[in-house]
Amino acid sequence: MVTPLEVRHINGVGWFEEAVQIQETWRLSLVTYGKCVYWVNGEKQIMEKGELLIIPGGVAYYGKSIPTVTHTQIVVQLTGKAPESLSALERAEVLRHKPGCYELIHERMKAIHQQWQERPSYYVMMSQALLMEVLIYVNRELDRGVIPPERHMQAERMKRYIERHYREKVTKEELGDEIGKTPNYAAALFKSMTNQTISQYVHDQRMKRAVYLLTESQLSIQEVAEFLGYRDLSYFYRIFKRIIGSPPSDFLHERPPVI
């Protein structure tokens with residue numbers, strides 16, 4: 001099984017790195033904000049938010065921030081024996097990919113970084129499991145072939161629509177209207193691109209806001225649930241615990257003190 005050797009969160013405008021990737025290791029980078037530049041074997045790669053780069057062992061690379069442009073990326077150095085089915089790690093050349101399920105991969109990468117920073121019990125095993133999820137998501141998309149830019153654009157339009165309406169009930173009819181396609185086409189495209197149903201994606205977006213409100217505001221759990229469109233508090237609890245892994249009450253102690 002592949003195992004992280006090092007996990008970093010790069011943030012800022014002064015990043016610079018030059019190396020030859022060690023044999024029998026890989027460097028996995030996911031850009032989560034802004035842009036940065038890589039030169040891999042002399043070829044320039046301008047990486048933007050939502051793109052990932054896998055550099056195999058023995059490949060020389062050089063990376064830097066773009067002047068005056070802030071960017072963030074999560075980088076995992078990994079090693080181990082890759083399963084034969086993971087074609088992303090079988091390549092001798094660099095892999096650049098823009099995953100349709102970026103949000104799922106981003107969440108797993110953030111979780112790996114958190115595990116590596118906090119080092120709770122079994123953090124290595126948890127990081128291995130999360131890393132395998134990331135690689136499986138990537139390989140599923142690679143198996144389907146190159147995603148046409150139009151499909152990426154349609155998926156992003158639907159995501160932006162959900163960002164504006166996540167507190168409401170979002171339907172496939174609305175998303176179909178947003179991209180000028182039939183409801184069934186919109187739902188199928190959304191699932192194939194994000195690896196989530198429309199409902200799952202909406203709940204995920206709501207839960208991200210719920211965590212923020214529970215930790216940064218003085219709203220009660222009931223008020224947070226109602227603000228996010230949940231009239232049934234017990235249903236909100238079930239969804240929150242399923243997605244976040246712990247009940248909403250666990251986050252109340254992180255609130256800033258009332259002055």
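Ala, Val, Leu, Ile, Met, Phe, Trp, Tyr, Cys and Pro count here as nonpolar, Asp, Glu, Lys and Arg as charged, and the others, Gly among them, as polar. Keep these classes in mind for the pockets below. The model is a predicted one.

Start with the whole chain. Its secondary structure comes to eight helices and nine strands. The radius of gyration is 20 Å, close to the 18 Å that the globule rule gives for 259 residues, so the chain is as compact as a globular protein of that length. Along the principal axes, the C-alpha atoms fill a box of roughly 55 × 50 × 40 Å. Of the 259 residues, 46% count as buried. Now look at the contacts between residues at least 6 apart in sequence. Among these, 71% join residues at least 24 apart.

One residue shows what such a contact list looks like. I221 sits in helix α7, which covers residues 221-227. Is I221 buried or exposed? Its relative accessible area is 12%, so I221 counts as buried, since buried means under 20%. Leave aside the neighbours within four places in sequence. I221 is then in contact with L214, L233, F236, Y237, P248, S249 and L252. Take L252 from that list. I221 and L252 are 31 residues apart in sequence, and their C-alpha atoms are 8.8 Å apart in space.

Next come the open spaces. The largest pocket has a volume of about 1,400 Å³. Its lining is made of 38 residues, and E103, H106, E107, K110 and K208 lie nearest the centre. Five elements give two or more residues to this lining: α1 (102-118), α2 (123-144), α3 (149-165), α6 (198-216) and α8 (233-244). Which of them gives the most? The answer is α1, with ten residues. By class, the lining of the largest pocket has 13 nonpolar, ten polar and 15 charged residues.

The second largest pocket has a volume of about 200 Å³. It is lined by E168, K169, V170, I198, S199, V202, H203, R206, G229, Y230 and Y235. Helix α6 gives the largest share of this lining, five residues. Sort the lining of the second largest pocket by class, and you get five nonpolar, three polar and three charged residues. Try the sorting yourself. Y230 and Y235 are in the lining, and Tyr counts as nonpolar. G229 is there too, and Gly counts as polar.

There is also closed space. How many cavities of 30 Å³ or more does the count give? It gives one. About 50 Å³ of space lies in this largest cavity. C101, Y137, R140, E141, R144, K191, S192 and N195 line it. The elements that give two or more residues to this lining are α2 and α5 (183-194). Of the elements, α2 gives the most, with four residues. By class, the lining of the largest cavity has two nonpolar, two polar and four charged residues.

C101, one of the residues lining that cavity, leads to the next topic. How many disulfides does a search of the whole structure find? It finds zero. C36 shows why: its sulfur is 20 Å from the closest cysteine sulfur, in C101, too far for a bond. A disulfide needs the two sulfur atoms within 2.5 Å. From the other side, C101 is in no disulfide, and its nearest cysteine sulfur is that of C36, 20 Å away. Both cysteines are buried. C36 has a relative accessible area of 0%, and C101 has one of 2%.

Finally, turn to the backbone. Most residues other than glycine have a negative phi. Two residues here are worth finding. E24 is not a glycine, yet it has a positive phi of about 65°. Look for E24 in the loop between β2 (16-20) and β3 (25-33). E24 is exposed, with a relative accessible area of 65%. N41 has a positive phi as well, near 55°, and it too is a residue other than glycine. N41 lies in the loop between β4 (35-40) and β5 (43-48). Its relative accessible area is 58%, so N41 counts as exposed, since exposed means over 50%.

Definitions and conventions. Residues are numbered from 1 along each chain as its sequence is written. This is a predicted model: local features need pLDDT of at least 70, side-chain atom pairs count only at pLDDT 80 or more; totals for chains, interfaces and linings use all residues. Side-chain values use heavy atoms; hydrogens and water are left out. On a 1 Å grid over the protein atoms alone, a cavity is a set of points where a 1.4 Å probe fits but cannot get out, and a pocket is an open set with protein on both sides within 12 Å along at least five of seven lines; lining residues have an atom within 4 Å of a point. Grid points are joined across faces, edges and corners, and a volume is the space filled by probe spheres set on the points. Buried means under 20% relative accessible area, exposed over 50%, partly exposed in between (1.4 Å probe, protein chains only). The radius of gyration is taken over C-alpha atoms; the globule rule is 2.2 Å times the number of residues to the power 0.38. Contact means heavy atoms within 4.5 Å.
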